[in-house]
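Welcome, and please have your viewer ready. We will begin at one residue and work outwards from there.

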Amino acid sequence: MSEIWERRHRLDKERREKMQELMGEYDRTIYYPARKQLIEDCEKEGHTQGKFHDNGLGWCWWWCGKCGVSFDKQSTNGIKGDQLGGCGGNE
Ligand SMILES: [Zn+2]
C-alpha cells in the first residue's frame, strides 16, 4: 500500500491530539460545566422529544431537540416483535 495513507493517518492523529491538548483546559473549566448547567436547566423546563434512536444493541432513547442530551433511555431486551413499538412510545 502507498505510504500516503499512513502519512495522512499520522497527520490527522497528531492534529487530533494537539486539539485535545489545546482544548482540554477550556473544556474542563468552561465548556463541560456550562453544558451540564444547560442540560439541568433544560430538564427543569422539560426536554423536547427530538430524534428517536434505537442502537440495535438492546437500547433505545430520545435525543432532546433543544439541548441535545439523550434521555428516557430504555432497554429493549426481552421485548419482542410487535411489542417493540412500546419502546419510548410512538415511533
Ligand atoms: Zn433538553
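Start by selecting Ser 70, which is found in strand β3; strands here are DSSP runs of E with at least two residues, helices are runs of H or I with at least four, and both are numbered from the N terminus. You are looking at a predicted model, in which local features need pLDDT of at least 70, side-chain atom pairs count only at pLDDT 80 or more, and totals for chains, interfaces and linings use all residues. Residues are numbered from 1 along each chain as its sequence is written.

Is Ser 70 buried or exposed? Ser 70 is partly exposed, because 15 other C-beta atoms lie within 10 Å (buried means 20 or more such atoms, exposed 12 or fewer, partly exposed in between, with C-beta atoms placed from the backbone).

Now add Trp 61 and Trp 63: Ser 70 touches both, leaving aside residues up to four places away in sequence (contact means C-beta atoms, placed from the backbone, within 7 Å). Next, pick Gly 50, whose C-alpha is 9.5 Å from that of Ser 70, with their positions 20 residues apart in sequence.

Moving on to the pairing, select strand β2, residues 59–64, which runs antiparallel to β3 and is joined to it by four bridges (two strands pair if DSSP finds at least two bridges between them). Within this pairing, Trp 62 has Phe 71 of β3 as its bridge partner.

Finally, show the whole sheet: three strands, open, antiparallel, in the order β1-β2-β3. Its edge strands, each pairing on one side only, are β1 (49–54) and β3 (70–75). Zoom out, and the protein reads α-β-β-β along the sequence. Of its 91 residues, 3% count as buried.

Key: Two residues are in contact if their C-beta atoms, placed from the backbone, lie within 7 Å.
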